[in-house]
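Subject: Structure handover

Hi,

Here is the structure I promised to pass on. Have a look at it first, then read my notes underneath.

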Amino acid sequence: MAACCASAMFAAPALAGSAGPGAPGAGDPYFPGYGNGGYDVSHYDLQLRYQPADDHLRGTATIVATATQDLTAFNLDFALTAKSVLVNGAPAQFSQNGLELTVTPPDTLPEGEMATFVVEYEGTPSAVDVNGFNPWVRTSDGALAIGQPEISSWWFPGNDHPRDKATYDVAVTVPDGTEVVSNGVNTRRSTLAGWTTWNWRNTEPTATYLAFMTIGQYEIVSKTGAFGQPFVTAYSDKLGPLAGPAKASIERTPEVLDFLSGLFGEYPVSAQGGVVPSEGLSFALENQTRPTYSHLFFQSAANVSVVVHENAHQWFGDSVSADTWRDIWLNEGFASYSEWLWSEAHGTGTAQELFDHYYGSHPADDPFWQVLPGDPGPDNVFHEAVYDRGAMALHALRTVVGDEAMIDITRTWAAERRHSTGTIEQFVELAEQKSGKQLDDVFNAWLFTPGKPAVNPATGVAASAARENAPAPPAVSEIDRAHELLHEH
């Protein structure tokens with residue numbers, strides 16, 4: 001394994017056989033307060049009522065969980081105001097401080113036993129700042145609950161870390177004539193007394209930040225996509241002239257998924273689609289089953305590169321999530337390299353040509369080379385180096401191990417860690433196992449060493465002066481337009 005890989009630090013577990021409170025964080029080295037310890041969530045049932053006129057949200061969250069220790073108290077990550085909490089049907093004491101909702105059940109929850117937490121709450125999400133931060137977006141016709149690395153705390157209480165994935169039922173009641181889109185499939189829509197309830201069901205384990213909701217005026221279309229699955233799209237009624245290029249991009253999602261499944265193996269979830277709001281969003285996000293794209297991606301032309309990027313995340317980031325936010329390269333490197341592979345398959349630039357372009361576009365003294373994709377730090381989680389140098393790292397690996405081993409590594413990673421998480425160290429170990437090669441040089445050079453890596457056989461790519469000075473491949477224009485916004489989280 002690569003010698004420079006840093007080890008993550010985790011919160012200490014409770015001693016075996018002892019009862020106590022769960023940890024207030026999951027032990028993420030970049031964001032220690034994210035997530036919680038002491039329990040594991042399997043399902044969220046969210047019953048919400050939202051009024052766009054004043055951004056008022058009222059909800060009941062039923063959380064099905066299993067205690068992972070004898071639990072005397074536990075935390076939920078939540079920013080709105082909790083009105084009551086029941087644990088296994090009995091009233092529980094609770095208090096709130098910032099994003100921590102601390103709950104003390106009337107009885108200790110035994111390790112290994114299922115429990116239910118029911119939280120009644122309400123608030124105005126756009127008015128709730130925590131440490132000067134608020135990811136909720138109120139729009140002229142509704143709201144966007146879309147964000148990374150955090151958003152869920154502004155619309156439901158939960159265990160907000162990618163390690164604790166769950167399935168979801170989301171029912172949102174809004175005034176008639178307002179649309180609601182969430183993950184998975186729309187199982188029911190009903191109207192009563194001027195209000196319409198939209199029911200969405202997401203049946204695969206999903207990280208909290210990848211659960212999303214958008215409310216407003218949308219054209220929603222459901223049809224059959226790749227692999228015979230439901231393909232659900234939603235385009236804001238206010239897109240105007242951008243509706244055409246947006247649809248020309250996102251309606252190619254089934255084609256993109258068919259291509260990506262040929263590289264990475266079986267598509268890991270049971271629905272697909274895309275959403276384009278007309279305001280309030282300046283980036284794209286790989287919400288599970290339903291990537292969401294800013295309208296800005298389509299200002300000058302259609303952009304299939306961003307569709308490839310976000311749908312590659314359904315494998316890398318969604319199904320196989322980063323175990324901690326330090327492991328973000330496993331998400332963004334693969335998604336960015338997928339754009340290169342799409343270009344290679346469609347004759348707009350080979351992966352080698354794209355490597356040469358991006359390698360050559362950053363001189364050795366560019367601060368770009370000082371950000372380490374394998375450990376970028378909490379302030380650089382979405383830095384362009386994580387994306388572009390991250391893609392270069394995968395191309396370097398491919399050059400060292402060969403195409404056959406690269407496909408084996410990638411498909412094995414996606415299959416063995418489906419609906420789970422992974423670390424960079426685990427990926428390095430798998431790559432060495434599958435290739436039969438010692439890969440310290442390539443991983444250390446591209447992920448963990450400051451400065452511009454030398455291009456030679458030891459680090460994976462031998463670039464010629466002719467290639468370095470060649471014109472940019474046609475794909476660069478579209479990829480650059482995509483990446484300008486992808487770094488805007």
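Let's start with strands E2 and E12: E2 covers residues 39-51 and runs parallel to E12, with 7 bridges joining the two. If you want a spot to click on, take Leu-46, whose bridge partner in E12 is Val-170. Do keep in mind that this is a predicted model.

E2 also has a partner in strand E3 (residues 56-67), and there the direction is antiparallel, with 12 bridges. Arg-49 marks that pairing well, since its bridge partner in E3 is Arg-58.

Back to E12, which spans residues 166-175. Is this strand mostly covered or mostly open? It is mostly covered: 10 of its 10 residues count as buried. E12 also pairs with strand E15 (residues 195-206), in the antiparallel sense and over 9 bridges. One pair to look at there is Thr-173 with its bridge partner Thr-197 in E15.

As a bit of background, strands of a sheet pair through backbone hydrogen bonds, in either a parallel or an antiparallel way. In a regular strand, the side chains point alternately to the two faces of the sheet.

Now put those strands together. Which sheet do they belong to? They sit in an open sheet of 8 strands with mixed pairing, and the order is E6-E5-E9-E3-E2-E12-E15-E14. The edges are held by E6 (90-91) and E14 (185-192); each has a single partner strand, so one side of each has no neighbour in the sheet.

Zooming out to the whole protein chain, you'll find 11 helices and 23 strands. Its radius of gyration is 23 Å, close to the 23 Å that the globule rule gives for 489 residues, so the chain is as compact as a globular protein of that length. The C-alpha trace spans about 70 × 60 × 40 Å along its principal axes.

What share of the 489 residues is buried? The figure is 60%. Contacts tell you something about the fold too: of those with a separation of 6 or more, 70% are between residues 24 or more positions apart.

Finally, the outside and the charges. The accessible surface of the protein chain comes to about 17500 Å², and carbon and sulfur atoms account for 51% of that. The chain carries 25 positive and 59 negative charges, and the mean positions of the two sets are 6 Å apart.

That's it from me. Enjoy looking around!

Cheers

Key. Residues numbered from 1 in each chain as written. Predicted model: local features only at pLDDT ≥ 70, side-chain atom pairs only at ≥ 80, totals over all residues. Heavy atoms only, no water. Helix = DSSP H or I, 4+ residues; strand = E, 2+ residues; numbered from the N terminus. Rg over C-alpha atoms; globule rule 2.2 N^0.38 Å. Buried < 20%, exposed > 50% of the residue type's maximum accessible area, 1.4 Å probe, protein only. Contact = heavy atoms within 4.5 Å. Areas by Shrake-Rupley, 256 points an atom, 1.4 Å probe, with all protein chains shown as cover. Lys, Arg positive; Asp, Glu negative; His and termini not counted. Charge placed at Lys NZ, Arg CZ, Asp CG, Glu CD. Pairing = 2+ DSSP bridges.
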